[in-house]
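Biologist: Hi, have you got a minute to look at this model with me?
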There are 4 protein chains.
Amino acid sequence: MALSALFLNCTLKKSPETSNTEAFIGVARKMFAELQVATKSLRLADYNIAMGNTSNEGDADQWPEILEQIKQHDMLVIASPIWRGDRSSVAKVVAERLDGIWEETDDKGQYPTYNKVGGVMIDGNEDGAKKAIASILFDLSEQGFSIPVNAFSYYVGKAGPGPAYIEAGGNRHLFTNKMLYNMVYNMTHLAQILQQNPYPADLNELTQKAKKISDTSD
Amino acid sequence: MALSALFLNCTLKKSPETSNTEAFIGVARKMFAELQVATKSLRLADYNIAMGNTSNEGDADQWPEILEQIKQHDMLVIASPIWRGDRSSVAKVVAERLDGIWEETDDKGQYPTYNKVGGVMIDGNEDGAKKAIASILFDLSEQGFSIPVNAFSYYVGKAGPGPAYIEAGGNRHLFTNKMLYNMVYNMTHLAQILQQNPYPADLNELTQKAKKISDTSD
Amino acid sequence: MALSALFLNCTLKKSPETSNTEAFIGVARKMFAELQVATKSLRLADYNIAMGNTSNEGDADQWPEILEQIKQHDMLVIASPIWRGDRSSVAKVVAERLDGIWEETDDKGQYPTYNKVGGVMIDGNEDGAKKAIASILFDLSEQGFSIPVNAFSYYVGKAGPGPAYIEAGGNRHLFTNKMLYNMVYNMTHLAQILQQNPYPADLNELTQKAKKISDTSD
Amino acid sequence: MALSALFLNCTLKKSPETSNTEAFIGVARKMFAELQVATKSLRLADYNIAMGNTSNEGDADQWPEILEQIKQHDMLVIASPIWRGDRSSVAKVVAERLDGIWEETDDKGQYPTYNKVGGVMIDGNEDGAKKAIASILFDLSEQGFSIPVNAFSYYVGKAGPGPAYIEAGGNRHLFTNKMLYNMVYNMTHLAQILQQNPYPADLNELTQKAKKISDTSD
């Protein structure tokens with residue numbers, strides 16, 4: 001039962017500019033490789049992704065191919081740099097576009113991301129990681145993903161302008177690497193047991209039950 | 001394999017004042033009962049809980065008995081009213097005190113909440129639920145809990161002062177009840193499969209691996 | 001001494017699609033008109049605004065003309081719809097691009113937005129306004145703007161999918177209109193007294209003083 | 001026209017335990033002294049402050065004397081340590097209790113904090129400052145305070161456990177001291193011009209105007 005993880009690199013910078021977030025992702029990919037988990041990383045700034053909240057915003061929109069990759073992997077890691085103490089605008093676009101997933105439901109009312117596992121990686125020269133992580137975990141949980149214990153890792157430096165992940169040697173920062181190992185190992189375990197034991201919930205049936213109590217409660 | 005869920009009611013009001021949050025919890029408890037999950041709800045404002053960030057802040061502090069209850073249940077639901085567009089100060093105290101859990105580790109370095117499942121319920125007369133949920137999910141994931149898909153429910157009314165959950169008939173609000181059923185069913189499934197398949201991660205070993213790459217990366 | 005206010009409409013939708021945020025802005029513009037304040041509204045989705053964190057991201061980038069408009073007005077209102085319980089990605093792009101302002105300083109080290117006044121308007125069918133406002137106020141304060149008391153207004157409906165501002169009759173929602181009047185009147189007063197009494201701070205001198213205490217503190 | 005500033009130290013620790021936040025406040029007080037601004041700092045953990053959202057929660061509640069101090073000063077600085085990537089629970093209690101201010105209005109409908117100026121100081125060993133600042137600025141603006149440009153300062157270190165403000169030499173961190181000077185100078189200027197030119201808005205009248213457009217808009 002081979003597992004796979006997709007990283008969405010939410011840097012603002014297009015290739016070939018150096019991406020600190022990609023360097024951080026590189027460390028995580030090696031850790032996944034230790035567990036025989038196949039990985040892929042997509043640098044979203046290199047795609048033409050429309051703003052919007054559906055799964056297809058027209059001809060030039062490349063979100064459909066990103067979404068297809070999300071569907072084909074068992075795990076999703078949103079990896080974002082910090083700008084203005086928060087996730088990047090690219091990461092916010094991802095959150096907005098993923099709302100389109102709710103339109104595609106199977107006969108249980110579950111959408112294609114159900115039973116997948118999510119994680120978050122944030123890097124910045126300073127403050128903002130935890131705010132970004134919190135917002136992204138909220139989105140992931142509502143958009144189909146389960147979140148393991150220790151589902152994230154981040155690197156930030158001291159207050160103020162300063163070296164970013166690569167220059168600061170973030171790949172040698174023990175705390176960041178510990179969190180990253182925890183995230184990788186726990187995501188993989190959760191993906192494995194969810195693949196073997198998918199959520200049985202029939203959401204259509206639960207909606208009927210909810211209607212019943214909404215109508216009869218006093 | 002009987003499962004159990006603990007609710008921490010984070011209202012600011014002591015008994016016997018009416019708690020909207022307790023009414024909301026009541027609906028969730030009935031849903032858990034459908035799945036044979038035993039539930040208990042603790043109204044924290046009725047306890048003397050010291051501010052601090054350890055598991056025991058002195059003689060008068062009743063957090064130790066709250067923490068003991070957390071340990072004895074498989075699932076934890078943080079239920080908070082909204083004040084100032086955010087979780088209540090009581091809910092923030094819970095988050096701060098739970099940091100003490102990191103001091104108690106087993107031979108794998110896992111703390112007592114590892115392999116438990118978390119959820120969030122937020123009620124208010126208006127805006128603030130999603131901000132509160134996001135912060136709490138972040139805390140839960142770092143403090144040992146796993147988060148299922150659709151791990152939360154909330155009730156809020158229109159902008160401005162207005163009726164709270166009970167007066168507004170929140171127990172008849174379909175959207176809130178649908179989310180709540182999803183939360184209850186998915187938390188229970190996740191708790192079940194984690195009980196059968198606990199996280200194998202040896203955190204001490206992962207720390208060693210992290211040290212190794214932190215020392216040797218260039 | 002004529003004053004002027006610029007609105008940046010951060011809807012995700014391009015013209016001619018109906019924008020709830022634009023309808024909300026329309027109410028504010030009428031209020032400003034009562035005070036003889038000239039207003040302009042720019043719908044950013046109709047511009048080609050590059051992601052990035054400088055004031056000019058290349059030939060096709062239309063941010064420079066938006067920035068020019070910001071400079072030419074005394075007040076700035078960021079008006080954003082709610083998506084995912086937070087400001088829109090367009091509003092996040094604005095925040096990121098405004099960081100470029102720090103590169104342009106006068107002989108006191110003040111940047112072109114210094115002595116301008118900021119406000120926030122948020123609309124959505126449900127929850128998320130206060131989180132969005134908080135993040136935007138933080139950005140505005142760091143990026144040169146002063147914030148009056150009651151510097152914002154918002155419209156949100158009950159939890160769950162539901163009518164947005166126009167369909168819900170947000171323009172008749174008393175709480176929203178009260179906040180909006182407060183915002184408009186207080187922004188105008190603050191802009192007026194700041195125009196007459198600009199911040200005297202010489203930021204270069206303050207940096208020297210900061211260096212001195214940073215070097216000599218023990 | 002003598003001005004004064006009150007600091008509310010929101011540390012979780014009671015005296016005589018060392019408070020990093022108090023050390024940080026000490027630096028700000030010296031800067032205010034350069035401008036002949038009188039300062040006072042209250043360490044809230046040493047008071048018995050009830051949770052609630054009114055201005056008086058019963059006999060043992062010491063919030064009334066804190067509130068009295070707020071009224072007697074021209075400026076208010078909320079100074080909080082970071083816990084769980086957010087402001088402390090003590091700082092959240094302050095925000096909740098300040099809602100009581102709305103009950104006390106003068107003949108213009110303005111409450112006692114109107115025309116006062118607010119600022120924020122956050123210290124922590126790592127990440128969380130900007131999230132805390134954003135939430136507090138939102139509260140301050142709604143609760144009567146005006147916010148100058150550069151209305152805050154913070155100190156945070158690298159990701160993970162590490163030295164807090166005192167041990168880390170935060171008082172020698174140039175970026176933090178620069179922000180602090182800006183905050184102190186700009187708060188003082190804004191307080192001065194607001195004292196000379198208070199907000200003229202008659203909030204009762206604005207409510208009538210809001211009612212009128214709420215009734216007649218179509």
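Modeller: Sure, here is a chat about the fold and the chain contact.
Modeller: This is a predicted model, where local features need pLDDT of at least 70, side-chain atom pairs count only at pLDDT 80 or more, and totals for chains, interfaces and linings use all residues. Residues are numbered from 1 along each chain as its sequence is written, while chains are lettered from A and ligands numbered from 1 in the order in which they are written.

Biologist: How many helices and strands are there in chain A?
Modeller: Chain A has 6 helices and 7 strands, taken as DSSP runs (helices H or I, at least four residues; strands E, at least two) numbered from the N terminus.

Biologist: And how much of chain A is buried?
Modeller: Buried residues are 59% of its 218 residues; buried means 20 or more other C-beta atoms, placed from the backbone, within 10 Å of a residue's own.

Biologist: What about helix α3 of chain A?
Modeller: That helix, residues 89–98, is mostly covered, with 10 of its 10 residues buried. Among them are Lys92(A), Glu96(A) and Arg97(A).

Biologist: Switching topic: how many residues does each chain bring to the contact between D and A?
Modeller: Chain D gives 17 residues and chain A gives 17 residues, with contact meaning C-beta atoms, placed from the backbone, within 7 Å.

Biologist: Which element gives the largest share on the chain D side?
Modeller: That is α4(D), with 3 residues.

Biologist: What rotation superposes chain D on chain A?
Modeller: A rotation of 180° with 0.0 Å of shift along its axis does it, at RMSD 0.0 Å, fitted by least squares on C-alpha atoms of residues with pLDDT of at least 70 in both copies. The two copies are therefore related as by a two-fold rotation axis.

Key
Two residues are in contact if their C-beta atoms, placed from the backbone, lie within 7 Å. A residue is buried if 20 or more other C-beta atoms lie within 10 Å of its own, exposed if 12 or fewer, and partly exposed in between; C-beta atoms are placed from the backbone.
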